Structure formats: C-alpha cells, structure tokens
Amino acid sequence: MRRLHPITGFVRALQYGVNALSVPFFILLVGSTGADALLGVDFGDSVFDLLFVVAPLFGLLGAGYGVASYLRFEYALTADTFDFAAGVVGRTEREIPLRRIQNVDISQSLWHRLFSVAVVRIETAGGGGTEAELSVVSLAEANRLQREIRERRDSSRRATEAEPAATETDERTGPESGPTEPPTTDRTTGTAGSDVLEPLFAITPVELAVLSLTRFRPGAIALVVIGIPVLPELAGEFLLASADPFGGPETLDLWEATPDELLVLGLVSLPLVLVSSYLVSGVFSALGFYGFQLARSGTDLVYERGLVQRYSGSIPSDKIQTVTLRESLAMRLLGYAALDVETAGYAGQRAEQGSQSAIPVADRSRVVELARDLGEFSDPDFERPPTRARRRYAVRYGLVVVGLLAVAYAVSTVVSGFTLWYVPAVLFLLVPPAAHLKWASRGYHVGEDTVVVRTGFWRRRTQVVPYYRLQTVIRQATVFQRRLALASLVVDTASSSTLVRATPTAFDIDAATAASLQRTLRDRLHRELHGRTRGEN
C-alpha cells in the first residue's frame, strides 16, 4: 500500500489545526457574552486567559487529526482493481475494478506545479461523481497511475472480449488443436495497451486567439457583476462618461435622476457589462486551453491543457456517445469550428460541464476530419422543419415584444415623466428575420449509420449519433405544437447527464414524419442490438 505525498500531511495538519484553533475562540467568547447577559457577571480577563490555554490544545488536536488522516489514507494498484482505504475514526475500504474506470484525471494548480505534485481523480462509468481522489501525489506518481490504469484496464477488456472467441475456437477445433499466436501490437499507434502516443492536434497561438474571441462563458457575467463593487469609483465614472452623450445623469444618485435618465443609464450599462464579460471570458478561455494537445493512446484520446490550472486526462473512444460540431456565428464567419464529445456516464473535467473538447477550435476542415474519425461524421443535406414552424417562431417572438411593451407601458403609468415606453416596439422589425434564421438553422438527417441533428443560429450545434449508441427515441409535442401538427424527436444516448447537456433533438418536424422516424430509428437500434452489420438497410 502507498501513501499520499508527505506535503499532504503538512497541509492537512495546518488546515485542521487552524480550524480547531478557531473553535474555542467562538465558543468561549459567545458563551461568556451570554453568561454576562444572563447572570449579570463580568468575567473580565479570565475568559481571555482561558483562551490562551485552551486554544493551543485544540490546535494541537486538530493538527494531530490532520496527520492521522494522512497516515490512515492508503492506496494500491493491483492487477484487477484500484484499492484505497481512508478514515481515522470510521474506516472506509473500497476496491474499484479497473474495467469500470472511465478516466484518470490529473489536475495541477499553480502551487501544485511549484512543488511538482498533482491531484488525481478516478472516475467510473455511471458514477455520480469522483470515485476516488488522491490529493496530493507526486507528478511522476500521478502519471504512473494514469498510464498503468489505462494499460491494465484495456488489457482486462481485451482478455474478456477474447474469452468467447477462444471458447468458440476450442469447441470447433477440439483438444487436438495447437497453440495460437498471441495478438500483435501496433507500436506506432499505441493500440493494444501501448503507451505510444499518436499526436492528433495541438492548438496554435492563432487558434488560441480565435478561441478567446469566439468562445463566451456565461459565468463571466457573474464575475463582472461581483467585481463592480471592488472598483466602485472607477466603474461609476466610466458608466457616467459613457451615458453622458445620450442624456444620462450627472451623478449616480439614482433618487435625483429622472426616469428618462435612468432608462439611458440602464441601456448603457447593459452593453458595458456584456463587453466586460466578453473580455473576461476571453482571458479565462485562453488560460484554460493554453497548450492544448490531443493524442491517441490505444483506444483513448489523451488531452492536456491549461496555463495556471493544468489538466490532463483521457476520452475513451469506445465510450463516445455523441460527437458535436459546435460553430458560433463568429466561428462560421472566420471559418473555424470546435468539436465536443460526450461519453457514457462520465462528464470529464467539470469545467466543460457535461462535454469534453476534443478540439477547442480549429479550421473547420481539420475539425470535420477528426469528427469523421470519431463518429462517422459527414456534412449531410438536412431536412428542415415545415414552413409552419417558422410561423410559430414569429408568433412566439412577437408575443415577447408585446410583453415588453406592456411592462414598459405599466411602468410609464406609475412613474411620472417616463415617456419612452414605446421604445421596445422597434423590436417588431427583428421578428421576421429572427424567425427565419431560427427555422433555417434547424434540421435533421437520417443516414446509413448515423442520425444527425442541427440547431442554433448564434451557437450552432451539429450532433452525430451512431445507431448503435441509441438508448431511447422519444416523440413529444406541446399543446402549441399539436395545433400545428408538429412534434420534436429526442434521440437520447447514454451520455453524461448534466444540467446544460443538449440532448440531440429534431425540433418542430411534421408530426407524421416524427412518428415514422421514431419507428425507423427504433428498428435500426434493434437491428444493431441483434448484431447485424451496421449500415445495412
């Protein structure tokens, strides 16, 4: 059995010691205050004298518990399992079969890199979270665990898959047959458990710049809003200077501003927050995907990325459920695209929230080439929804504008001097083109081996699902869809379940067509389950 890196004992002793040190301060100070109020007795300096006696004892106990938790954590990698045991008071021992391990993630923060240590997280297929976490081990040990677990897992899978074939051969040839030759190993591509890496993609400085310009993280908005109070004077002066040419207020005293000045201030502040969030998002994208590299090792895709926080891990090719070609409007204008994959029961690094970037951004032709290799991707001729779906989108957007006008008019009746309530009416001009773009960006294609769905104008997603990865095909229709004889077809797989996961869905297709497609996909799924050759019709 092995232990974690010795630095873990020091960190845990410090962490538990500081936490325990604060307990007597809280208990004695709060308790003495309550006793003073209840009994009318002033304990004076006796409480503080007691604190300087009790607090160090608690600190030593906490530090001792931290050291004990370090000494009591042990792990071992066997031929078939990864074993670990932890716990000071209550003891937990667990064996994780190597065949169930989906990935071994290695992450390094800045201080981890200073001391050449790393955090290892072991994920399993179908697991709701991290099955085992080693915090921290040396970087060399982390790389060893990642490499050996992958090799032993693949060897175990190959041995299991070879057993039925060997049994069938023995039954056919009988005991007279001689020994068979062992399978050969391709040392150039890393198959059959080889640790040889086949480089597939490495991000360039130009591509990293394009990624920063075209990838927006919604969480950056929260960071900007939270950060505004940190520099209130600078942010306030910049906001007033930006709103002044449009008739904004002279000061940030909102009680002295007129309703029209408040409206101008709101209209100006919104784009400023969005622009600031865009810049923050670009910085985080550049830091997160700095030095991104993708390679193939056996049946896994191995990646490494990050400048401040460094990540490395793998994407099991045999567990890939959905291949997604992601193209924002800015990417399409520049001729770039990104490739995401979703695997069964595993969400990868949670920074990506449910999907992993096989290629964060690259020239579209390079992305399509790798997508074909992973999911038999092609650029199909999509079947668009019927034109009545476009009318549905127009009505929906029109109702949103009417709602905005109603809210603005209600505010004008309450707030005197608010005369610009009709401004949202200009959005009616955008309703027809918005409805058309939404309609034109949606479609589906049923191919020989895969079903492909596409949706989104601003953030277009083209999702490819092989028939043998289908789990369920769901046909659903809302009340409004049924009025127009429309339905949506959900093509569900065993991909990781997250809040932001976009399940492949053909939206607003003809109801009769949806029913027919549901039967077709179900038949092809059953054919795959019965072992028929993929692609036969």
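**Exercise 1. Overall make-up**

How many helices and strands are there in the protein?

Solution. Start with the sources: the model is predicted, so local features need pLDDT of at least 70 and side-chain atom pairs count only at pLDDT 80 or more, while totals for chains, interfaces and linings use all residues. Residues are numbered from 1 along each chain as its sequence is written, and side-chain values use heavy atoms, with hydrogens and water left out.

Step 1. Count the elements: the protein has 14 helices and 19 strands. Helices (H or I, at least four residues) and strands (E, at least two) are DSSP runs, numbered from the N terminus.

Step 2. Take the burial: of the 537 residues, 41% are buried. Buried means under 20% relative accessible area, exposed over 50%, and partly exposed in between, with a 1.4 Å probe and protein chains only.

Step 3. Take the contacts (heavy atoms within 4.5 Å): among those with a separation of 6 or more, 59% join residues 24 or more positions apart.

**Exercise 2. The seven-stranded sheet**

Give the strand order of the open sheet of seven strands and identify its edges.

Solution. Step 1. The order is E6-E5-E4-E10-E9-E8-E7, and the pairing is antiparallel. Two strands pair if DSSP finds at least two bridges between them.

Step 2. Strand E6 (132-138) and strand E7 (198-202) are the edge strands, each pairing on one side only.

Step 3. On average, neighbouring strands of this sheet are turned by 20° against each other, direction ignored. Axes are lines fitted to C-alpha atoms, for helices over the stretch in contact, and angles run from 0 to 180 degrees between N-to-C directions.

Step 4. At the E7 edge, four bridges link E7 to strand E8 (residues 293-297) in the antiparallel sense. Phe201 stands opposite Leu294 of E8.

**Exercise 3. Strands E11, E12 and E13**

Trace the pairing of E12 with E11 and E13, and decide whether E12 is covered on one face or both.

Solution. Step 1. E11 and E12 are antiparallel, with six bridges; Thr322 has Glu342 in E12 as its bridge partner.

Step 2. Strand E12 (residues 336-343) is also antiparallel to E13, through five bridges. Ala337 is partnered with Ala362 of E13, and Leu339 stands opposite Ile359 of E13.

Step 3. Eight of the eight residues of E12 are buried. Both faces are covered: one carries Tyr336, Ala338, Asp340 and Glu342, the other Ala337, Leu339, Val341 and Thr343.

Step 4. Strand E13 (residues 356-363) has seven of its eight residues buried.

**Exercise 4. The nonpolar cores**

Which residues have the most contacts inside the largest nonpolar core?

Solution. Step 1. A nonpolar core is a set of buried Ala, Val, Leu, Ile, Met, Phe, Trp, Tyr and Cys residues joined through side-chain atoms within 4.5 Å.

Step 2. The largest core has 29 residues, and Leu294, Leu339 and Leu374 have the most contacts inside it. Helix H5 (205-214), strand E9 (300-305), strand E11 (320-328), E12, E13 and helix H10 (364-375) each supply at least two of its residues.

Step 3. Leaving aside residues up to four places away in sequence, Leu294 touches Pro199, Leu200, Phe201, Leu301, Val302, Tyr303, Ala358 and Leu370.

Step 4. Another core lies apart, with 22 residues that include Phe73, Phe82, Ile106 and Val120.

**Exercise 5. Helices H6 and H8**

Describe how H6 and H8 cross, and which residues meet.

Solution. Step 1. The axes of helix H6 (residues 219-227) and helix H8 (residues 259-288) come within 8 Å and cross at roughly 115°.

Step 2. On the H6 side are Ala220, Ile221, Leu223, Val224 and Val225; they meet Val273, Leu274, Ser276, Ser277, Val280, Ser281 and Phe284 of H8.

Step 3. By class, nine residues of this contact are nonpolar, three polar and none charged. Here Ala, Val, Leu, Ile, Met, Phe, Trp, Tyr, Cys and Pro count as nonpolar, Asp, Glu, Lys and Arg as charged, and the others, Gly among them, as polar.

**Exercise 6. The three-stranded sheet**

Why is one side of E17 and of E19 left without a neighbour in the sheet?

Solution. Step 1. Three strands form an open antiparallel sheet, in the order E17-E18-E19.

Step 2. Strand E17 (472-476) and strand E19 (505-510) stand at the edges with a single partner strand each, so one side of each has no neighbour in the sheet.

Step 3. E17 and strand E18 (residues 486-492) pair over five antiparallel bridges, and Val473 has Val491 in E18 as its bridge partner.

Step 4. Helix H11 (residues 387-414) packs on the sheet, touching E18 and E19, and its direction makes about 110° with that of E19.
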